[in-house]
Each structure stands twice: as structure tokens, then as C-alpha cells.
Amino acid sequence: MNSLNQPLTLNNGVVLSDRVVMAPMTTKGANWDGVIDQNDTRYFTRRAGAAGLLITGATAVSELGEKFPYQQSLYDDHFIPGLAAEAKAMKAHGNKAVVQLYHAGVNAQVSFEKLHKVVGPSAVAFHQVAGAVTELTEDEVWQVVAQFGAAAKRALAAGFDGVEIHGAFGHLLQQFFSPYSNKRTDYWGGTLAKRMRFPLEVVKSVQAAVANKPDFIIGYRITSTEKHTDGAGYDIDETLQLIDQLAETGINYIHATEPDFNQQIKAQINGRTAFITIAHSTSVAEADAALANADLVAMARELIAEPDFADKLAHDQDVETAITSAQQASDLALPPRMVTWLIGPDGGGLVPAGKKYLVDIAK
Ligand SMILES: Cc1cc2nc3c(=O)[nH]c(=O)nc-3n(C[C@H](O)[C@H](O)[C@H](O)COP(=O)(O)O)c2cc1C
């Protein structure tokens, strides 16, 4: 028997039916304008039995925040009907569904393509976008803070159970937290406490926007360390201080992108909020073992090929790892652009060598 089947009550009273979380994955299932279409709702309808808590892929809160082509957006009310269809699909088995709120900042390749502009905390050159970075003014930073709140309100209107603030993988919140990309000397930068301000103000803005719904889930995803070739970045000690402040805000979970510091993070949180780690495994036993230092275990690629994971947990069955035919890919309701991205000619890198989560269906 494993403990993954056990329910968990979050600190706002919401009960998750099991300890597995479907990690956020961009599906490229929206239209070019960010509106969700049937590709995405079919994908989530097929995955409603994957986990007790399902998280959407990164969803842009600003026109200037888009990185991935065909990712979904919610920077305007016209995105709400599509999101409502997505929420309904995700919650079809009575599980909880959360939107990941996102701004790519200096990584906003698609926004650059559409608007010829890319913004960040400071004009630090990044290599993902071909243009120069425009430093946000103090007022513009407050506007982005407000955009996160407005997006949370739309998520609530669309019927989602909550939002996850994307503070990880080098995107805008992390760019403010990192001394590598944040060279500001105003309210938003200069010391560790000031580098934490943007993430914490975003949390406050989201909390204020949904204050009328106390059981609305608010989570925060974090990348524990960032090191650049010149040694600049931040380490786990600084992250633990941010985690401490995040836990103080009363949010409902903190979600790490790597399992490296689970013990320290769990100790730092000290029961104030739930902690989600990532298993990087298709084995039920390994995912279960991760609960030694976390409350919930997230799975991403594993649930692409195994959309009925929650049912299998009861029988201690491991995850199905291979997609061996085009028919299977179609039965799994994968958006065609996601298939191309993962296993087609452009797909390199997402599936690590030696980990056969997906098999090239072209062969
Ligand atoms: C296709 C794909 C899309 C992803 N998109 C996102 C995303 O939108 N937001 C995010 O925080 N992480 C994203 N991730 C990272 C996953 O959430 C997860 O951290 C990573 O895949 C490692 O977990 P795994 O070993 O269970 O796959 C993505 C991963 C994949 C494979």
C-alpha cells in the first residue's frame, strides 16, 4: 500500500482527494491569440482522472508575458469562456483545478514577435529574445502586480478552484528575485528583502483579488537555486528566506521544481502551508517515498502517457511510460502541436535521454 491515496486538507479547508498533483505543462493547445480551443479541453477531459489536483500550463497575465507559441492567456475578459470550458474539463471527476499565472518577462519570445517589445526588471541581456530588454518603470511594475490580481479574478470567474503563481524557471518573478537579472536600486531591488518584494506583492494582489472566496487555492511555484556561468544568481539560503515570507502570507501551497532541498524546505515551511515536490519518476514506490519530505507529489511527463493515474494508485500500479503508435497518441488526446514539441523533430530536450517516458511514434 502507498500513502499517495490519502486525502490532504489544505490550510484553507479545501480537501484534495489524493497526494498526486498533475504538474503544469504548456500544451500548445490554444490558438495563436491565446484563446483555448478544443485541443486543450480534450486533453484535460482525458486527464481528469490523473490526480487530485490538476494545474494548467503557464497562462499569460499580460500581452507582454508570452513565451511559448499557442500557450493560453487570461489578460482580458474575452479569454474567460475558453478557460471556463477548460476548468469544467479538468474538474470532471470532482478533483480540483488550478490555473498557473505567468509572465515570461525577458523570456517573452512570442510577445516580442507580436509586439516587438520585451520587458524585465533591468536591461540585462538574455539570449532567448533577439531584441533589447526594456526596464519596467516603478509604475509599470505595479501594473504587472495588478495584472496578476486581475487574472486571478478571471480564473475565479471561469470556475477554477485556484491559481498557482509561476515564480520558477527563470520567468518574471524569478527575474525580480535573482540578483543576476534584477539590478534595480528602487523599491523593487538592491537588497534581498527588496528583491523579494515583487513576488510578495504579486501574492498580495492575488489574495486581495479573490478575498471574497476564502477557499480559493493560491499556490506558488519556485526554483530553489539559480547559478549562471559567472557565478551570479541565488542559492538555497536566499530561497529559504523567500519561502519563509511566502509561508507567512497564508498561501495554500509552495511547489518546488526540483526535489534537491525537500528536507530543508519542509523544515522551513514548518506546517504553515502544504509543500509540493516533484518525483521525476514513473514508479509509485518512488513517488510515495517523496512524501517523506513533502505533502504532495507532482508529476508532469508521466501523466502525458498515463492519464488515469489516480485509478492505478489504488492498485500500486506504475505509470505507463511509452507512446508507441499514432493511434495511442490520438487516444491520449494530445494536442498535435504538443506531440510535435515532445517527440517530433523540434522536440529534443524535453524528454531526458534514457528516460523513455515517450517513444517516437514516427518509427
Ligand atoms: C511539455 C512540457 C511543458 C511544461 N510546461 C510547464 C509550464 O507551463 N509551467 C511550469 O511551471 N512547468 C512546466 N513544465 C515543467 C514540468 O511541470 C515539470 O517540472 C518537469 O517536466 C519535471 O517533472 P517530470 O519529471 O514529472 O516531467 C513543462 C514540462 C513539459 C514536459
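User: What makes strand β8 mostly covered in this model?

Analyst: In this predicted model, strand β8 spans residues 162-167, and 6 of its 6 residues are buried. A residue is called buried when its relative accessible area is under 20%, so the strand counts as mostly covered because 6 of 6 residues meet that cut-off.

User: How do you know that both faces of β8 are covered?

Analyst: In a regular strand the side chains alternate between the two faces of the sheet. On one side of β8 stand Gly 162, Glu 164 and His 166, on the other Val 163, Ile 165 and Gly 167, and all of these residues are buried.

User: Why are β8 and strand β5 said to pair?

Analyst: Two strands pair if at least two bridges are found between them. Strand β5, residues 96-102, and β8 share 4 bridges in the parallel sense, so the requirement of at least two is met. One of the partnerships joins Val 98 to Gly 162 in β8.

User: What makes β8 and strand β9 a pair?

Analyst: The requirement is at least two bridges, and β8 and β9, the latter covering residues 217-222, pair in the parallel sense over 6 bridges, so the two strands qualify. Among the partners, Glu 164 is matched with Gly 219 in β9, while Gly 167 is matched with Ile 222 in β9.

User: How do you know whether β9 is covered or open on its two faces?

Analyst: For β9, 6 of its 6 residues are buried, and the strand is mostly covered. Ile 217, Gly 219 and Arg 221 lie on one side and Ile 218, Tyr 220 and Ile 222 on the other, all of them buried, and both faces are therefore covered. β9 also pairs in the parallel sense with strand β12, residues 253-256, over 4 bridges, and there Tyr 220 stands opposite Ile 254 in β12.

User: Why is the contact between Arg 221 and the ligand called polar?

Analyst: A polar contact is a pair of N or O atoms within 3.5 Å. A polar side-chain atom of Arg 221 lies 2.7 Å from an oxygen atom of the ligand, so the pair falls within the limit. The side chain of Thr 26 offers an N or O atom 2.7 Å from an oxygen atom of the ligand, and the side chain of Gln 100 has an N or O atom 2.8 Å from a nitrogen atom of the ligand. The protein covers 92% of the 610 Å² of accessible area that the ligand has on its own.

User: Which residues surround the ligand, and what kinds are they?

Analyst: The ligand is surrounded by 18 residues, the closest being Pro 24, Thr 26, Arg 221, Arg 301 and Glu 302. The shell divides into 10 nonpolar, 5 polar and 3 charged residues.

User: Why is the pair of Arg 154 and Asp 77 called a salt bridge?

Analyst: A salt bridge needs a side-chain nitrogen of Lys or Arg within 4 Å of a carboxyl oxygen of Asp or Glu. The closest N and O atoms of Arg 154 and Asp 77 are 2.9 Å apart, so the pair meets the criterion. Arg 154 belongs to helix α4, residues 138-157, and Asp 77 to the loop between β4 and α2, so the pair ties together parts that are 77 residues apart in sequence. The structure holds 11 salt bridges.

User: Is Arg 154 buried or exposed, and how do you know?

Analyst: The relative accessible area of Arg 154 is 14%, and because buried means under 20%, Arg 154 is classed as buried.

User: What makes Glu 248 exposed but Arg 272 partly exposed?

Analyst: Exposed means over 50%, and partly exposed covers the values between 20% and 50%. Glu 248 has a relative accessible area of 54% and is therefore exposed, whereas Arg 272, with 24%, is partly exposed. The side chains of Glu 248 and Arg 272 meet in a salt bridge, with N and O 2.7 Å apart. Glu 248 lies in helix α8, residues 236-248, and Arg 272 in the loop between α9 and β13, 24 residues apart. Salt bridges that share partners join Asp 244, Glu 248 and Arg 272 into one network.

User: How do you know that Lys 213 and Asp 215 are partly exposed?

Analyst: Lys 213 has 33% relative accessibility and Asp 215 has 35%, and since partly exposed lies between the buried limit of 20% and the exposed limit of 50%, both residues fall in that class. Their side chains meet in a salt bridge, 2.7 Å from N to O.

Terms used
Residues numbered from 1 in each chain as written. Predicted model: local features only at pLDDT ≥ 70, side-chain atom pairs only at ≥ 80, totals over all residues. Heavy atoms only, no water. Near = heavy atom within 4 Å. Polar contact = N/O pair within 3.5 Å; in protein donor to acceptor, adjacent residues only side chain to side chain. Areas by Shrake-Rupley, 256 points an atom, 1.4 Å probe, with all protein chains shown as cover. Nonpolar A, V, L, I, M, F, W, Y, C, P; charged D, E, K, R; others polar. Buried < 20%, exposed > 50% of the residue type's maximum accessible area, 1.4 Å probe, protein only.
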